[in-house]
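Here are a few exercises to work through with the model on your screen. Try each task yourself before you read the solution.

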Amino acid sequence: MIENKTFDEIAVGDSASLTRVTTQQDIDLFAVISGDVNPAHMDKAYADTDMFHKIIAHGMLGAGLISSVLGTKLPGPGTIYLGQDLRFLHPVSIGDTITATLTVTEKRPEHGDLTLDCRCTNQKGEVVISGTAHVRAPKEKVRRPRVELPDVQLSRHERLRTLLARTAGGEPMLTAVAHPCDANAIGAAVEAARVGLITPILVGPKAKILKAAEDAKVDISPFRLIDVPHSNAAAAMAVDLVHKGEAALLMKGSLHTDELLHAVLAPEAGLLTKRRLSHVYLMDVPTYPRPLLVTDAAVNIAPTLEDKRDIVQNAIDLAHVMGIEMPRVAVLSAVETINPKLRSTLDAAALCKMADRGQITGGLLDGPLAFDNAISPAAAAEKGIISQVAGVADILVVPDLESGNMLAKQLIYLAGADAAGVVLGARVPIILTSRADGERTRMASCAVAVLIARERAKAAQTAVGV
C-alpha cells in the first residue's frame, strides 16, 4: 500500500528517505525520456576523456529521488510540487548508492504549504545534491494499493553497432548497385558510401537515378553511373561488372529480388558456385542474448534436403565470419520428435546425420527442434531435451520460405529486432535491403557483405602465399 501524511499529521522535523542504486539502465531510460544524450552520460569513450574520466548520471536523475520521496512518502499522494532549489555537489556514477532524505523545516497553515530540506548522499556519506523543496501538502487522507511498475526492455542493438565498428578503417568496396531508382535505394547506397563501406557503381536508367537522388536529396556526382534502359538490363549489367572484376559486391536497388537473382543464376553470368544460393538474416533481437541467424526466408521456396545442406553450410560460414567459432544450429519444425508425416522432421534428422558424416562442417547441429526449444533453455528443460543446441541456438534453419519469412517478420515487428540480410552461395555476397528497412539495418546489411568479401580476399591471399 501507499499512504500519505496530511498537513495536520506532519510536524516540523519529520523526515523520510529513499535509497536506490544507480544503474546503466537508469541513465539510458532518463536519456530516452528527457532527450538528453550528452556524451558525458552516454558515450564511454568521450566520458573517459572528460573531467570525471567515467560515465556520470544526469543531475536531474538523482533529483528524481527527491520527487519520489515527496510523491510517495512525505507528504505522499496528493502533494502539489511548488518549487525546488538544488545544488549539485558531487557526480553520481554507475553503481553509486544514493539516499534521498527529506526533512520538514517549516509549516505554513494559511495554504497548507511545507518547506523541506533535501539531501542526497552516496554510499561514502558524501552529499551529492542539496537543496530545498516547497510543496502544498494534502488535506485528505489517501491510502491506495501501490501501482506495480511495468517491465522495461531497452533495445540498444549493440550487436549491429559492433558489426559496423568491425568494418571501420578498411577500404570501401566497389559495389554494383542494380537499379537504384527510388529514394530509399539510392539513399542506402549513398549512406553506405558516406560511412566508408562501399563505393557504389549506380546501374540503371540515368533519368530515373537522377530523379531518385533529387528526391532523396543526396549528391551522386562522385559515383560512376552506367545508363541502361530498364531493371532487367540493370541486373544483367551489375552482374557483369562483378564477373569482370570491376565490382566486388552486388547490391539490390529498387528492382524485384527475383529479377536480380535471375541475372545472377544465368550460366553465362559467371557468378555461380557449387553451392545453392540462400538468404540469411542476421538478427539483433533485444530479448535474445546473442546474435541470431535465420535462414532461408527469402530465396528458396520449398528447399529439398540437398538444398537445405547448402542453406545450413552457407549460414555456418557466415557465423564464422561473425566470430562464432562453432555455431549451434537448430533445424526447426513444429515438434522436437521425428514424425514420418512431417517432412521437416525427417529433413532435420538427415541434416544432423550429414553433419556427423562430415557433409556439413563447422557447426553443431540438432533437430528437429520446435522454436521454443531452440531458443529457450527453460522450454528445452521442460521437454527434457538434452542438447548442446537446444535453448542456445545461434542459427535457426526453417523448413521453407513461408515459415522463415513469417518468423523473421514476427521478430522484427513484434520483438523489435533489427535484421541485416545477405544472399550467399554466389562468388560474391549479394546485399538485399527492403524499403521497410531502417538506416541501421541497411548499413548492417552492407557491413555483413563487406566482412564476408574481406574474409574471402584474406583467405585467397593466404592460399596464394601457401
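Before you start, one definition: a helix axis here is a line fitted to C-alpha atoms over the stretch in contact, and angles run from 0 to 180 degrees between N-to-C directions. Keep in mind, too, that this is a predicted model.

**Exercise 1. Find out which elements of the protein chain have the lowest and the highest mean pLDDT.**

Step 1. Begin with the whole chain: its mean pLDDT is 92, and 98% of its residues reach 70 or more.

Step 2. Now go element by element. Helix H5, residues 158-166, has the lowest mean pLDDT, at 77. At the other end of the scale, strand S16 (residues 395-397) has the highest, 98.

Step 3. A word on reading such values: where pLDDT is low, the predicted coordinates should not be read in detail.

**Exercise 2. Work out the order of the strands in the five-strand sheet, and say which strands are at its edges.**

Step 1. Walk across the sheet. You should get S2-S4-S5-S6-S3, an open sheet with antiparallel pairing.

Step 2. Look at the two ends. Strand S2 (15-21) and strand S3 (80-88) are the edge strands, and each pairs on one side only.

Step 3. Check the twist: from one strand to the next, it averages 20°.

Step 4. See what lies across the sheet. Helix H4 (residues 59-72) does so, covering S2, S3, S4, strand S5 (113-121) and strand S6 (127-136). H4 runs at about 140° to S3.

**Exercise 3. In that sheet, follow the pairs S2 with S4, S4 with S5, and S5 with S6: how many bridges does each have?**

Step 1. Take S2 and strand S4 (residues 97-108): they pair over seven bridges, in the antiparallel sense. To see where they line up, find Ser-15 opposite Thr-103 in S4, then Val-21 opposite Thr-97.

Step 2. Next come S4 and S5, antiparallel over nine bridges. Here Glu-106 faces Thr-115 in S5, and Lys-107 stands opposite Leu-114. The two strands form a hairpin with four residues between them, and Gly-112 in the turn has a positive phi of about 75°.

Step 3. Finish with S5 and S6, which also pair antiparallel, over nine bridges. Look for Asp-113 opposite Arg-136 in S6. This is a hairpin too, with five residues in between; Gly-125 in its turn has a positive phi of about 90°.

**Exercise 4. How do helices H8 and H9 pack against each other?**

Step 1. Find H8 (residues 231-243) and H9 (residues 257-265). Their axes come within 9 Å and cross at roughly 45°.

Step 2. Turn the angle into a word. Angles from 65 to 115 degrees count as roughly perpendicular and those under 35 as roughly parallel, and H8 and H9 are therefore oblique to each other.

Step 3. Add the handedness: H8 passes H9 in a right-handed crossing.

Step 4. List the contacts. From H8 come Ser-231, Asn-232, Ala-235, Ala-236 and Val-239, which meet Glu-259, Leu-260, Ala-263 and Val-264 in H9. Sorted by class, the contact has six nonpolar residues, two polar and one charged.

**Exercise 5. Now do it for H10 and H11: at what angle do their axes cross?**

Step 1. H10 covers residues 305-321 and H11 residues 343-356; their axes come within 10 Å and cross at roughly 55°.

Step 2. H10 and H11 are therefore oblique to each other, and H10 passes H11 in a right-handed crossing.

Step 3. In H10, Leu-305, Lys-308, Arg-309 and Val-312 meet Arg-343, Asp-347, Ala-350, Leu-351 and Met-354 in H11. This contact has five nonpolar, no polar and four charged residues.

**Exercise 6. Which strands stand at the edges of the eleven-strand sheet?**

Step 1. The order is S10-S9-S8-S11-S18-S17-S12-S13-S16-S14-S15, in an open sheet with mixed pairing.

Step 2. Strand S10 (224-227) and strand S15 (364-369) stand at the edges with a single partner strand each, so one side of each has no neighbour in the sheet.

Step 3. At the S10 end, strand S9 (residues 198-204) and S10 pair in the parallel sense over four bridges. Gly-204 has Asp-227 in S10 as its bridge partner.

Step 4. Lastly, helix H6 (residues 183-194) lies across strand S8 (173-178), S9 and strand S11 (249-252), at about 155° to S9.

Conventions. Residues are numbered from 1 along each chain as its sequence is written. This is a predicted model: local features need pLDDT of at least 70, side-chain atom pairs count only at pLDDT 80 or more; totals for chains, interfaces and linings use all residues. Side-chain values use heavy atoms; hydrogens and water are left out. Two strands pair if DSSP finds at least two bridges between them. Contact means heavy atoms within 4.5 Å. pLDDT is the predictor's confidence in each residue, from 0 to 100. Angles under 35 degrees count as roughly parallel, over 145 as roughly antiparallel, 65 to 115 as roughly perpendicular and the rest as oblique. A crossing is left-handed if the near helix is turned anticlockwise from the far one by less than a right angle, and right-handed if clockwise. Ala, Val, Leu, Ile, Met, Phe, Trp, Tyr, Cys and Pro count as nonpolar, Asp, Glu, Lys and Arg as charged, and the others, Gly among them, as polar.
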